[in-house]
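This report covers cysteines, a metal site, two sheets and the helices around them. Each topic is taken in turn.

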Amino acid sequence: MLPKAEIHVHLEGTATPQLVQQMAQRNEVEVPDHIFKSSELFAWRDFLDFLNTYDLASSSIQHPRDYYDVTYDYLQRCAQQGAIYVEMMYSPEHAERASGIPSREHLLAIDQAIKDAKELFNIEGRTIITCVRHFGLDACVKVAKHTVEAAAEFDTVVGLGMGGDEAGYPPALFKTAYDIAAAAGIPCTIHAGEMDGPERIWEAIETLPINRLGHGVRAIEDPKLIDAIIERDIVLEVCPTSNVVLGVYQDYQTHPLLKLLEAGVKVTLNSDDPPYFGTTIGEEYDIAEQQFGLTQAQLRHITKTAIQAAYVDKTTQQQLLARC
Ligand code: HPA
Ligand code: ZN
């Protein structure tokens, strides 16, 4: 099986409806029925409704045991599809808001699940702590400070990220939060150029200490931006199916994956929120082959790009590269 790597997936967004329902039941949380389409898929209408559905489903994740199950379950499924490395964005605010349990306890559970999955399935997992834009700047500063402490304690906590409502909350607003993480040597990424245009990507790369972009696909609309991304060696975390189902692009034919590759941009393949977008990391690789016509050699190269861009320690990175 072709080795695969994923560096853009939301940990809470990996929990299947089946697991969300189990957790809601054992935690006695009410989750409305209308968010479930099937045991494998969530139902939502548009981007803001997706974010709302995501927040509702994530409210079922309350206890460290829940985070253990979500993490272990996801890494097991990824390993079955040939993934050797997965970097998962964990949002401390979701669980803290839902349960009041300090994030550190959730991180202990996630750390244990990552170690167990490594031992049982030979897959390396790492955590990026992620801020939520629509929770505001103060909340993000708190998350950035928490990331600095957590990265010092857990060797599986490796970076800072940010998702949420891009159009309502531009990148520059969060400079203070990013500077806190970067000053502590923590590498950073941000969603940009997904729900808003290339001007937001410019804003992100000019003002924030980032070396990867979540999505970043709309950079294709601005050739100078493409040059800047290449020159600064910024890697794109591309999620083709997420973009198509969220309506960023009408279909795979109009998605810029190939144009970005041809322009010489470093791209990776990712699932984003698998049960919301009806995909998996394995399927994204299949789609890249079948819909975009990439060869096995190109797919292997994409895995290498992801491992080279990963926020993992150098020793593990070398071991992973040897498996590609
Ligand atoms: N985009 C932006 N924010 C998110 C997403 C996403 O796909 N998933 C969870 N938060
Ligand atoms: Zn995302």
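The structure holds zero disulfides, a disulfide being a pair of cysteine sulfur atoms within 2.5 Å. The model is predicted: local features need pLDDT of at least 70 and side-chain atom pairs count only at pLDDT 80 or more, while totals for chains, interfaces and linings use all residues. Residues are numbered from 1 along each chain as its sequence is written, chains are lettered from A and ligands numbered from 1 in the order in which they are written, and side-chain values use heavy atoms, with hydrogens and water left out.

**Cysteines**

Why does Cys140 form no bond with Cys131? The sulfur of Cys131 is the closest cysteine sulfur to that of Cys140, but at 4.1 Å the two are too far apart for a bond. For Cys239, the closest cysteine sulfur belongs to Cys78 and lies 13 Å away, which is also too far for a bond. Buried means under 20% relative accessible area, exposed over 50%, and partly exposed in between, with a 1.4 Å probe and protein chains only. Cys140 is buried at a relative accessible area of 0%, and Cys239 is buried at 0%.

The relative accessible areas given for single residues in this report are set out below.

| Residue | Relative accessible area | Class |
|---|---|---|
| Cys140 | 0% | buried |
| Cys239 | 0% | buried |
| His8 | 0% | buried |
| Asp272 | 2% | buried |
| Thr305 | 7% | buried |

**Zinc site**

Ligand 2 is a zinc ion, coordinated at 2.1 to 2.2 Å by NE2 of His8, NE2 of His10, NE2 of His191 and OD of Asp272. Donors are N, O and S atoms within 2.8 Å of the metal (3.2 Å for Na, K and Ca); water is not among the atoms, so sites may look incomplete. The angles among the four donor atoms run from 86 to 173°, and the site is irregular. Four donors count as tetrahedral if all angles lie between 85 and 135 degrees; four count as square planar and six as octahedral if opposite donors are over 155 degrees apart and all others between 65 and 115; anything else is irregular.

Along the chain, the donors of the zinc ion have the spacing H-x1-H-x180-H-x80-D. The pair His8 and Asp272 links distant parts of the chain, 264 residues apart: His8 is in strand S1 (residues 4-10), and Asp272 is in the loop between strand S8 (266-269) and helix H12 (274-277). Helices (H or I, at least four residues) and strands (E, at least two) are DSSP runs, numbered from the N terminus.

**Sheet S1-S2-S3-S4**

Four strands in the order S1-S2-S3-S4 make an open sheet with parallel pairing; two strands pair if DSSP finds at least two bridges between them. S1 and strand S4 (157-163) are at the edges with a single partner strand each, so one side of each has no neighbour in the sheet. On average, neighbouring strands of this sheet are turned by 25° against each other, direction ignored. Axes are lines fitted to C-alpha atoms, for helices over the stretch in contact, and angles run from 0 to 180 degrees between N-to-C directions.

Five bridges pair S1 with strand S2 (residues 83-90) in the parallel sense. Tyr85 in S2 is the bridge partner of Ala5, and Val86 in S2 is that of Glu6. Seven of the seven residues of S1 are buried.

Helix H3 (residues 64-80) lies across S1, S2 and strand S3 (124-132), and runs at about 150° to S2. Helix H4 (residues 92-99) packs on the sheet and touches S2 and S3, its direction making about 70° with that of S3. Contact means heavy atoms within 4.5 Å. In H4 the buried residues are Pro92, Glu93, His94 and Ala95. These buried residues pack against helix H2 (47-58), H3, S2, helix H5 (103-121), S3 and helix H6 (137-153). Gly100, just after H4, has a positive phi of about 75°.

**Sheet S5-S6-S7-S8**

Another open sheet has four strands in the order S5-S6-S7-S8, again with parallel pairing. Strand S5 (189-192) and S8 are its edges; each has a single partner strand, so one side of each is without a neighbour in the sheet. The twist from one strand to the next averages 30°. Strand S6 (residues 212-215) and strand S7 (residues 235-238) run parallel and are joined by three bridges. Leu236 in S7 is the bridge partner of Leu213.

**Thr305**

Thr305 is in helix H14 (residues 296-309). Leaving out residues up to four places away in sequence, Thr305 touches Val235, Lys266, Val267 and Thr268. The C-alpha atoms of Thr305 and Lys266 are 6.8 Å apart, with their positions 39 residues apart along the chain.
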